[in-house]
Amino acid sequence: MNRILARMASPWRVLGLICLIAGAYATVLRFTRGLGGVTHLSDTFPWGLWVGFDVLCGVGLAAGGFTVSAIVYVLGIEKYRPVARPAVLTAFIGYLLVVGGLMFDLGRPWRIWHPMVMWNPHSVMFEVAWCVTLYTIVLTAEISIMVFERLRWMRATHIAHKATFPLTIMAVLLSMLHQSSLGSLFLIVPGRLHELWYTPFLPLLFFTSAVAVGLSMVIFESNLSARAFGRALELDVQEGAAKLAAIVLCIYLIIRGTDLIRRGALAALWPLDRAGIMFLIEITVGFIIPILLFSNPRVRRNTRWLYHASQLMVLGFVINRLNVAVTGFEVVTGKTYVPAWTEIAVTLMLVTIGVIAFYLAAKYLPVFEPDTTSGERFQAWRFTGANRLAAPRTPAGLRGIDGGGD
Amino acid sequence: MYGILFDANLCIGCGSCVEACKEENKLPASKSDVLSATDYTIVQEVGDQYLRRMCMHCLEPSCASACPVGALHKTPEGPVVYEYERCIGCRYCMVACPFGVPRYEWASVTPRVRKCQLCAHRLKEGRPTACAEVCPAEATMFGKRPDLLALAWKRIAADPEHYAQRVYGTQEAGGTSVLIIGPQEIMAAFDARIPMESLPHKTWVVLSQIPSAVAAAGAGLLAVNWIIRRRMALAQNGKLNGTDEQKGAES
């Protein structure tokens with residue numbers, strides 16, 4: 001199987017290398033020619049791919065971190081413990097990439113610390129800046145547990161484990177604020193964002209869809225990492241996550257639909273124009289099809305189907321965020337925006353770095369815990385540290401790339 | 001609070017306001033059809049009339065509310081001014097402005113946001129804006145906003161045939177320090193989607209709820225966790241005593 005993996009991996013590695021080289025070149029251009037030299041942004045289109053994808057999607061896709069840790073450490077549902085660490089790791093890497101993306105997008109990135117000392121509490125961007133900063137610190141603390149364990153710093157590990165619960169509470173609160181604040185950003189543009197996306201409920205919709213995509217990312221990633229590391233798939237975890245995602249997606253659709261109907265915004269669908277088409281694609285790919293798939297018990301028992309369903313949800317989520325940040329403005333201002341190759345190169349470079357970072361962290365840190373029997377779980381929940389320390393890192397079974405084939 | 005009244009019916013399109021603005025702000029003399037980082041004001045042709053475009057200097061500016069570092073603020077004299085020493089370059093002000101006014105120095109590696117400052121430095125010295133001072137046709141008038149409003153309605157009332165019954169900037173985005181009057185075709189040239197209300201409150205209603213939302217959510221999380229811990233502890237005790245058959249069967 002290693003041979004198969006090696007063969008599968010090599011084209012991806014070449015692609016990754018190309019992304020890194022192109023991104024590095026684009027980086028040089030960005031900091032020598034300014035934003036105008038490397039982006040297709042303009043005075044009428046000041047935000048593009050870097051805000052729409054790197055920031056909005058980066059933060060959203062990291063939502064699995066707080067969702068799963070809340071389920072495990074606050075609600076005490078032990079079933080999800082095996083995916084808690086990978087999810088927090090994803091969130092950590094996601095946030096580092098968001099900060100990385102901001103270093104490109106901000107006109108004067110060396111002043112990124114300004115919001116810490118120059119306050120404007122009336123600004124949503126001020127809230128966003130604080131959330132990014134504080135949650136990145138919290139994520140670093142959460143991640144440090146794995147590093148301490150790896151280095152066998154017993155004292156530090158012990159302290160870090162005690163801090164898990166308060167850290168999780170902070171993570172949930174900060175994420176709640178941050179996910180919703182990215183929607184609030186657009187509350188101030190009622191005249192410039194298309195009515196299919198502009199609504200006073202944007203904060204709530206951004207938060208709800210982030211929780212759903214966080215769960216989808218957990219499914220997506222545990223599939224990917226199972227392939228990459230030859231681990232067994234946590235099928236019952238995936239099944240549960242899919243069920244939860246379906247419920248959250250339904251809640252999202254109810255809020256979104258009620259709001260669209262109450263504002264009479266659905267009338268904008270006819271005659272069908274670009275906005276309408278993008279709206280329908282977003283809703284179908286990201287919400288309706290995933291709900292149908294996730295709520296089907298047969299799909300939930302098949303990892304391959306689950307994998308594709310979660311991919312669809314992630315794709316639809318990305319379309320949703322890009323619709324809010326790009327399409328919704330394009331159709332109103334009548335100005336089109338297509339990212340420059342350099343913008344795409346930087347984004348791909350950041351994504352590649354993220355994938356490599358995840359791979360390395362998963363390889364060298366105790367990210368994937370050894371299986372714990374159900375009897376141990378309650379103990380593990382109460383005395384988190386000791387249990388995990390004692391357990392040696394055994395390579396998990398090679399049960400399967402497609403463990404769900406029944 | 002000071003402002004500007006622009007009267008499209010009196011404007012002769014000479015462009016001396018544009019020149020004066022460039023000179024006052026030390027901008028390159030090149031001419032543009034649209035606002036740019038080096039053109040804080042322009043004179044547009046609308047049919048056979050002229051229309052000045054510039055920052056409207058909102059009474060409650062979206063840009064100032066949006067700026068995370070308070071680089072933009074409205075001074076008591078009326079101008080909405082920009083301090084580039086604070087600016088981090090997030091461009092949220094450009095997104096937030098309902099009139100799409102702020103411009104950016106895209107070609108620079110140390111870019112600034114650029115827009116009309118309503119000659120804030122001159123106002124401090126008790127002088128009118130450069131554009132109003134040079135206008136030969138009384139099309140751009142400088143003064144206190146209530147006085148300008150009165151003057152606007154006086155001109156409209158004196159010649160209702162040539163003026164639309166409307167002072168642009170009275171309600172647009174909650175009201176602006178720059179007011180515009182003119183014929184109906186000039187009014188039709190404005191973006192109809194600009195809301196007739198102040199916009200900063202739309203984000204403030206959410207932001208102001210953060211402390212209570214965090215407190216409520218935090219308390220909720222702790223409460224839920226406490227209940228679950230307690231139930232698990234009870235179940236554990238029950239199991240030890242052999243009274244809880246369900247839990248016993250599960251493990």
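Here are some notes on how chains A and B meet, and on a few local features of each.

1. First, some ground rules: this is a predicted model, where local features need pLDDT of at least 70, side-chain atom pairs count only at pLDDT 80 or more, and totals for chains, interfaces and linings use all residues. Residues are numbered from 1 along each chain as its sequence is written, chains are lettered from A and ligands numbered from 1 in the order in which they are written, and side-chain values use heavy atoms, with hydrogens and water left out.

2. Start with the interface. Chain B puts 54 residues into the contact and chain A puts in 57, contact meaning heavy atoms within 4.5 Å. Together the two chains bury about 5,000 Å², with 65% of it on carbon and sulfur atoms. Buried area here is the accessible area (1.4 Å probe) that two parts lose on being put together, summed over both.

3. How many salt bridges does the rule find across the interface of chain B and chain A? Just one, taking a salt bridge as a side-chain nitrogen of Lys or Arg within 4 Å of a carboxyl oxygen of Asp or Glu. B:Arg91 forms a salt bridge with A:Asp105, and their closest N and O atoms are 2.8 Å apart.

4. Now look at which parts of chain B touch chain A. The elements giving two or more residues to that side are helices H2 (62-66), H3 (92-96), H8 (200-207) and H9 (210-241), plus strand S6 (103-104). Helices (H or I, at least four residues) and strands (E, at least two) are DSSP runs, numbered from the N terminus. H9(B) gives the most, with 13 residues. By type, this side of chain B has 35 nonpolar residues, 11 polar and eight charged. In that split, Ala, Val, Leu, Ile, Met, Phe, Trp, Tyr, Cys and Pro count as nonpolar, Asp, Glu, Lys and Arg as charged, and the others, Gly among them, as polar.

5. Chain B is divided into domain 1 (2-199) and domain 2 (209-250), with bounds from an automatic or database domain assignment. The centres of these two domains, taken over C-alpha atoms, lie 60 Å apart.

6. There's a hairpin in chain B to check too. Strands S2 (residues 42-46) and S3 (residues 49-53) run antiparallel and are joined by five bridges; strands pair if DSSP finds at least two bridges between them. B:Ile42 stands opposite B:Arg53. Two residues sit between the strands, and B:Gly47 takes a positive phi near 65°.

7. Over in chain A, A:Leu102 belongs to helix H4 (residues 81-105). Leaving aside neighbours within four places in sequence, A:Leu102 is in contact with A:Val55 and A:Ile112. The C-alpha atoms of A:Leu102 and A:Ile112 are separated by 8.4 Å, and the two residues are 10 residues apart along the chain.
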